[in-house]
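Please open the model in your viewer, with the sequence panel beside it, and follow the selections below in order. Each stop says what to select and then what is to be found there.

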Amino acid sequence: MKNTIRLALLIGITLHMLSCSSEASLEADYVAPNELPENIVAGTPLNDRIIQLYKDYGIVVYTDVTNPRMYKDLVSEEGLTIAADRIPADTTAALIYIHMIEKEFINSLANNKLHIVPRNFYLFKNDLIAGTYEYISKTWYNSNGDLTVGSLKNVGLDSVKLKQTFYYGLSSILRNDAVNSNSFYSPFVDINTDAGVYYWQVTSLDQAYEKGFLSSNQNLIKSNQQDFDLYAAWASTTPPNTRDSILNLYPQIKRKYDLVTSMFKQEGIDLTVVNRNWQESSFNPKNN
């Protein structure tokens, strides 16, 4: 049996090395199960929409905090702590987000890129906080299949942030690919290292821009991974006039922005087009 396993691994590694397909290189270490929970029964708007998304795309949306997958990270030792108490997303907010999964994410990807869409979404009212680190969304360690999303509350629902969750999470998936890491993420980190800039030096937004960061919230930019993924979120939603003025004024931001958007473009995803479509989207609050 061991010899069979070794042979299978050898074949898999050989095929991976010979293949130039990004589909092969973006396979997760762990394939997350996506079985519809037993408590999801047709008859309510939320459950009906969850069932339909599952039937159409095989995607499961979890909103029940009593489900073990909502409070225990099954695939890592990372143990993401969202908050002391995990609160399920409000129904209307969850419905809006489920609509956005399809209309603002899946429909924007080419058919040959649908394999990189997370297969399980976990929706909370809580903001995503792990210690002092804050996230817009969070992919589970070593799995491309699980995306945790916070801040889904009916009062003050921020649809811009909801849009950003897709590309923030997708950035995490793409940069973990070895080729993308070497070509885009490592040079991105080198920009910070060579300039000698660190999150704790940032105390205002102008200062953040000067040092190549996109937020004055230190908890959002503490790690290079957060910094990188925030660029993807920013690129997908920031109004073009605002984006271009910042890119023209701050060369450090322009260099980092170019690396992140180039990684996405190599994977067949043009964040400029994503942004353009967002400016016209009915989910964009400026259009309502």
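Begin with the whole protein chain in a cartoon view, where the secondary structure comes to 12 helices and six strands. The model is a predicted one, and buried residues make up 48% of the 288 residues in the protein chain. If you draw the contacts in the protein chain with a separation of 6 or more, residues 24 or more positions apart account for 72% of them.

**The sheet**

Select next the four strands that form an open sheet in the order β1-β2-β6-β5, with mixed pairing. The strands β1 and β5 (137-139) stand at the edges with a single partner strand each, so one side of each is left without a neighbour in the sheet. Neighbouring strands of this sheet are turned by 20 degrees against each other on average, when direction is ignored.

Now go through the pairings one at a time. Strand β1 (residues 60-62) runs parallel to β2 and is joined to β2 by three bridges, and in this pairing Val 60 stands opposite Asn 120. On to the next pair: β2 and strand β6 (residues 146-149) also run parallel, joined by four bridges. Here Asn 120 has Asp 146 as its bridge partner, while Tyr 122 is partnered by Thr 148. The pairing of β5 with β6 is antiparallel and extends over three bridges; Ser 137 has Val 149 as its bridge partner, and Thr 139 stands opposite Leu 147.

Show the side chains of β2 (residues 120-123) and rotate the view from one face to the other. Are the residues on its two faces buried or exposed? Asn 120 and Tyr 122 on one side, and Phe 121 and Leu 123 on the other, are all buried, so that both faces of the strand are covered. In β6, Asp 146 and Thr 148 point one way and Leu 147 and Val 149 the other way, and all are buried.

**Helices on the sheet**

Add helix α5 (residues 91-105), which packs on the sheet and touches β1, β2 and β6; the direction of α5 makes about 155 degrees with that of β2. Then add α6, which lies across β2, β5 and β6 and runs at about 30 degrees to β5.

Within helix α6 (residues 159-175), select Gln 164. Why does Gln 164 count as buried? Its relative accessible area is 14%, and buried means under 20%, so Gln 164 falls within the buried class. The side chain of Gln 164 is joined to that of Thr 237 by a polar contact of 2.9 Å. Leaving aside neighbours within four places in sequence, Gln 164 is in contact with Ile 136, Ala 233, Trp 234, Ser 236 and Thr 237.

**The nonpolar cores**

Next, turn to the largest nonpolar core, which has 69 residues, and in which Tyr 97 and Phe 264 touch the most other members. The helix that gives the most to this core is α5, with eight residues. Centre the view on Phe 264 and, leaving aside its neighbours within four places in sequence, you will find it in contact with Tyr 167, Leu 170, Ser 171, Leu 174, Ala 232, Ile 269 and Leu 271. There is also a second, separate core of six residues, among them Val 60, Tyr 62, Met 70 and Tyr 122. In soluble globular proteins, nonpolar side chains tend to be buried together.

**Helix α10**

For the last stop, select helix α10 (residues 240-249), in which Arg 243, Ile 246 and Leu 247 are buried. These residues cover an arc of only 100 degrees around the axis, and therefore lie on the same side of α10. What covers the buried residues of α10? The covering elements include α8 (205-211), α9 (224-237), α11 (251-266) and α12 (271-279). Turning the helix over, you come to the face directed away from its buried side, which carries the exposed residues Asn 241, Asn 248 and Leu 249.

Technical notes: Residues are numbered from 1 along each chain as its sequence is written. This is a predicted model: local features need pLDDT of at least 70, side-chain atom pairs count only at pLDDT 80 or more; totals for chains, interfaces and linings use all residues. Side-chain values use heavy atoms; hydrogens and water are left out. Buried means under 20% relative accessible area, exposed over 50%, partly exposed in between (1.4 Å probe, protein chains only). Two strands pair if DSSP finds at least two bridges between them. A polar contact is a pair of N or O atoms within 3.5 Å; within protein, one must be able to donate a hydrogen and the other to accept it, and residues adjacent in sequence count only if both atoms are side-chain atoms. Contact means heavy atoms within 4.5 Å. Axes are lines fitted to C-alpha atoms, for helices over the stretch in contact, and angles run from 0 to 180 degrees between N-to-C directions. A nonpolar core is a set of buried Ala, Val, Leu, Ile, Met, Phe, Trp, Tyr and Cys residues joined through side-chain atoms within 4.5 Å. The arc is that of the directions from the helix axis to the C-beta atoms.
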